[in-house]
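Student: I have a model to read through and would like to go slowly, taking one local feature at a time. Could we begin with the backbone and then move on to the packing?

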Amino acid sequence: MSNVRPKKHLGQHFLVDQNIAMKIVEQLTLPGNVPDVLEIGPGMGVLTKYLLQHKEYRTTVVDIDRESIAYLQQHFPELGERIISADFLKTDLSTLFPGRFAIIGNFPYNISSQIFFKVLEHRDVVPEVVCMIQKEVAERLASPPGSKAYGILSVLLQAFYTIDYKFTVSEHVFNPPPKVKSAVIGLVRNNVEKLACDEKMFHQVVKQSFGTRRKTLRNSLRIYNLPPEVLAQPVFDKRAEQLSVQDFIELTQLIEQNKQ
């Protein structure tokens with residue numbers, strides 16, 4: 001089988017630079033000797049080839065594109081049943097792995113946020129993620145409080161992962177070239193097992209706070225009908241981008257105790 005045709009509706013931009021592919025795979029640290037690595041969207045296996053050189057872990061690949069699956073089956077027969085033809089977002093990951101596993105991949109730009117939300121759902125078994133995504137999104141995820149790039153997903157992911165912006169990737173090393181630059185980031189699970197507040201409420205407060213990010217929290221969080229003496233506290237003079245993860249946890253606790 002010859003090369004796979006990149007499909008626009010799947011957001012496919014195949015990496016063709018072997019050095020960058022090798023460098024991406026080298027970013028895996030596998031904290032705690034993780035036995036399995038799942039590659040999302042392997043395409044024609046540019047990362048897969050280098051993953052398979054590492055015998056210290058088992059590589060499994062998942063792709064929604066049947067043409068890519070056929071290519072991988074032909075060129076990487078050693079993977080056998082560990083070539084999964086499925087939509088990652090709809091896959092029951094507990095059926096693939098009995099324990100912990102790392103995730104790697106050149107994520108399709110159009111579903112990268114959804115992939116991260118699924119990672120959050122499985123954070124207890126996903127200690128590490130190494131991925132290539134749109135540069136703007138990578139900067140957002142890794143941004144500290146106070147940055148204009150800092151946003152909802154920055155807070156939600158940084159609550160449970162340490163995020164490291166690794167390196168920028170030119171648009172010219174892909175087929176077809178995307179219209180934007182890409183970047184590789186690494187996420188490594190931190191020591192937070194459970195937030196010191198209701199997690200569902202935490203998500204709501206973060207999203208509501210950034211929904212009108214130019215406004216102060218006093219205006220953004222009006223829906224909670226907080227008492228005037230609570231709204232008088234200095235935190236409500238701030239905007240969402242000024243709050244750290246810990247600040248948001250404390251804000252959520254405050255809202256839980258005082259919402260009317």
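**Backbone, pocket and packing**

Student: In which loop does Pro 176 lie?
Tutor: Helices (H or I, at least four residues) and strands (E, at least two) are taken as DSSP runs and numbered from the N terminus. On that assignment, the loop that holds Pro 176 is the one between strand 8 (174–175) and strand 9.

Student: What is omega for the peptide bond from Asn 175 to Pro 176?
Tutor: This is a predicted model, in which local features need pLDDT of at least 70 and side-chain atom pairs count only at pLDDT 80 or more, while totals for chains, interfaces and linings use all residues. Residues are numbered from 1 along each chain as its sequence is written, and side-chain values use heavy atoms, with hydrogens and water left out. Most peptide bonds are trans. The bond from Asn 175 to Pro 176 is cis, with omega near -10°.

Student: Leu 30 is another backbone point to look at; is it buried or exposed?
Tutor: Leu 30 sits in the loop between helix 1 (18–26) and strand 2 (36–40), and its phi is near 50°, a positive value in a residue other than glycine. A residue is buried under 20% relative accessible area, exposed over 50% and partly exposed in between, using a 1.4 Å probe and protein chains only. Since the relative accessibility of Leu 30 is 12%, the residue counts as buried.

Student: And how does Asn 225 count in terms of accessibility?
Tutor: Asn 225 has a positive phi of about 50° although it is not a glycine, and its place is in the loop between helix 8 (217–220) and helix 9 (228–231). Because its relative accessibility is 45%, Asn 225 counts as partly exposed.

Student: Which residues does UniProt list for "binding site" that also belong to the lining of the largest pocket?
Tutor: The listing comes from an unreviewed UniProt entry, with positions in the numbering used here, shortened feature names and annotations that may be inferred rather than shown by experiment. A pocket is an open set of points on a 1 Å grid over the protein atoms alone, where a 1.4 Å probe fits and protein lies on both sides within 12 Å along at least five of seven lines, and lining residues have an atom within 4 Å of a point. From the listed set, the lining takes in His 13, Leu 15, Gly 41, Asp 63, Asp 87 and Asn 106.

Student: Why does Leu 15 count as buried?
Tutor: Leu 15 lies in strand 1 (residues 14–15). With contact meaning heavy atoms within 4.5 Å, and neighbours within four places in sequence left aside, Leu 15 is in contact with residues including Ile 20, Val 46, Asn 106 and Phe 174. It counts as buried because its relative accessible area is 7%.

Student: At what distance does the side chain of Asn 106 reach the backbone oxygen of His 13?
Tutor: Asn 106 is found in strand 5 (residues 101–106) and is buried, with a relative accessible area of 19%. A polar contact is a pair of N or O atoms within 3.5 Å; within protein, one must be able to donate a hydrogen and the other to accept it, and residues adjacent in sequence count only if both atoms are side-chain atoms. The Asn 106 side chain reaches the backbone oxygen of His 13 at 3.0 Å.

Student: What arc do the buried residues of helix 5 cover?
Tutor: In helix 5 (residues 135–142) the buried residues are Val 137, Ala 138 and Leu 141. The arc is that of the directions from the helix axis to the C-beta atoms. These residues are on the same side of helix 5 because they cover an arc of only 100°.

Student: How are the rings of Phe 97 and Phe 101 arranged?
Tutor: Rings of Phe, Tyr and Trp (its six-membered ring) pair if their centres lie within 6.5 Å, with planes under 30 degrees apart counted as stacked, over 60 as edge-to-face and the rest as tilted. The structure holds 4 aromatic pairs, and both Phe 97 and Phe 101 are buried. Their ring centres are 4.3 Å apart and their planes are at 20°, so the pair is stacked.

Student: How far apart are the C-alpha atoms of Thr 59 and Asp 36?
Tutor: Thr 59 is found in strand 3 (residues 58–63) and is buried, with a relative accessible area of 2%. Although Thr 59 and Asp 36 are 23 residues apart along the chain, the separation of their C-alpha atoms is 6.1 Å.
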